[in-house]
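Open the structure in your viewer and keep the selection tool ready. This tour goes from stop to stop, saying what to select and what is there.

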Amino acid sequence: MEHDLCEAAITGDIDSLHAIIRKDPLILHKVVAGCFSGTSPLHVATSNKQTHFVEELLSLKPELAEVLDSQLRSALHLASAQGHDEIVKLLLVKVGPEICLIRDRDGRNPLHIAAVKGKISALEEFVRSCPEAARVRVDRSDTILHLCVKHNQWKSLEKLLDIVQGQDFVDAKDNDGNTILHLAIL
């Protein structure tokens with residue numbers, strides 16, 4: 001049954017999803033409860049840009065958005081990394097902006113991921129929906145601006161400087177005492 005659910009998520013087959021749920025009405029509950037051995041169908045559908053399938057899953061079981069993979073990534077992390085803007089918006093609307101604050105194994109939230117991958121439209125959506133996510137620091141105390149410089153994402157940096165205000169944000173130092181200007185010079 002789990003394999004069939006994964007296949008339905010890959011192809012975006014909503015009819016198969018409903019047939020699977022008819023056979024096992026608790027299957028989505030099992031995913032949320034951690035009793036599911038495979039990858040979350042929401043992660044699979046997100047990775048395969050199956051927007052309608054994602055929407056259907058969220059209407060059936062919104063708690064799926066809080067399921068994390070082995071790297072502690074939510075489906076929003078994946079949508080952000082891959083630039084699936086419609087799915088980013090869908091997750092933010094259906095689940096709520098607080099999902100932007102979930103941190104992966106590296107301490108990064110979905111906004112950090114969008115910035116280091118250069119996904120500008122996702123980045124804008126995150127800042128609009130959850131501006132405080134831009135101020136969350138990763139484990140080494142890097143700001144999102146430090147990440148942009150370290151990953152040579154100058155367009156992300158420029159966009160963030162345009163939309164997130166505050167000199168304290170721009171002048172923030174990491175654990176080594178470096179500002180973004182120090183890193184850019186290095």
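## Stops on the tour

Begin with Lys49, in the loop that runs between helix 4 (41-47) and helix 5 (51-60). The model is a predicted one. Is Lys49 buried or exposed? Lys49 counts as exposed because its relative accessibility is 52%, and the cut-off for exposed is over 50%. Now look at the backbone of Lys49: phi is near 55 degrees, a positive value although the residue is not glycine. Most residues other than glycine have a negative phi.

Next, select Asn152. Where is Asn152 found? Asn152 sits in the loop between helix 10 (144-150) and helix 11. Its phi is also positive, near 55 degrees, and Asn152 is likewise a residue other than glycine. With a relative accessibility of 52%, Asn152 counts as exposed.

From that loop, go on into helix 11 (residues 154-163) and select Ser156. Is Ser156 buried or exposed? Ser156 is buried, because its relative accessible area is 0% and buried means under 20%. Now show what surrounds Ser156. Leaving out residues up to four places away in sequence, Ser156 touches Ala114, Ala115, Gly118, Ile120, Leu123 and Cys148.

Two of the residues touched by Ser156, Ala114 and Ala115, have numbers that fall within helix 8 (110-117). Helix 8 leads to the next stop, the largest pocket, as helix 8 supplies at least two residues of its lining. Helix 6 (75-82) also supplies at least two. To display the lining, select these residues:

- Gln71, Arg73, His77, Leu78, Ala81 and Asp104, which are among the lining residues
- Arg105, Asp106, Arg108, Ile113, Val116 and Lys117, which are also among them

How much space lies in the largest pocket? The volume there is about 160 Å³. Colour the lining by class, and you will find six charged, four nonpolar and two polar residues.

For the last stop, select Lys89, which lies in helix 7 (residues 85-95). Lys89 counts as partly exposed, because its relative accessibility is 43% and partly exposed covers the range between under 20% and over 50%. Then add His182 to the selection and use the distance tool on the two C-alpha atoms. How far apart are Lys89 and His182 in space? The two C-alpha atoms are 35 Å apart, and the two residues are 93 residues apart in sequence.

Definitions and conventions. Residues numbered from 1 in each chain as written. Predicted model: local features only at pLDDT ≥ 70, side-chain atom pairs only at ≥ 80, totals over all residues. Heavy atoms only, no water. 1 Å grid on protein atoms, 1.4 Å probe; cavity = no way out; pocket = protein on both sides within 12 Å on 5 of 7 lines; lining within 4 Å. Points joined across faces, edges and corners; volume = space filled by probe spheres on them. Helix = DSSP H or I, 4+ residues; strand = E, 2+ residues; numbered from the N terminus. Nonpolar A, V, L, I, M, F, W, Y, C, P; charged D, E, K, R; others polar. Buried < 20%, exposed > 50% of the residue type's maximum accessible area, 1.4 Å probe, protein only. Contact = heavy atoms within 4.5 Å.
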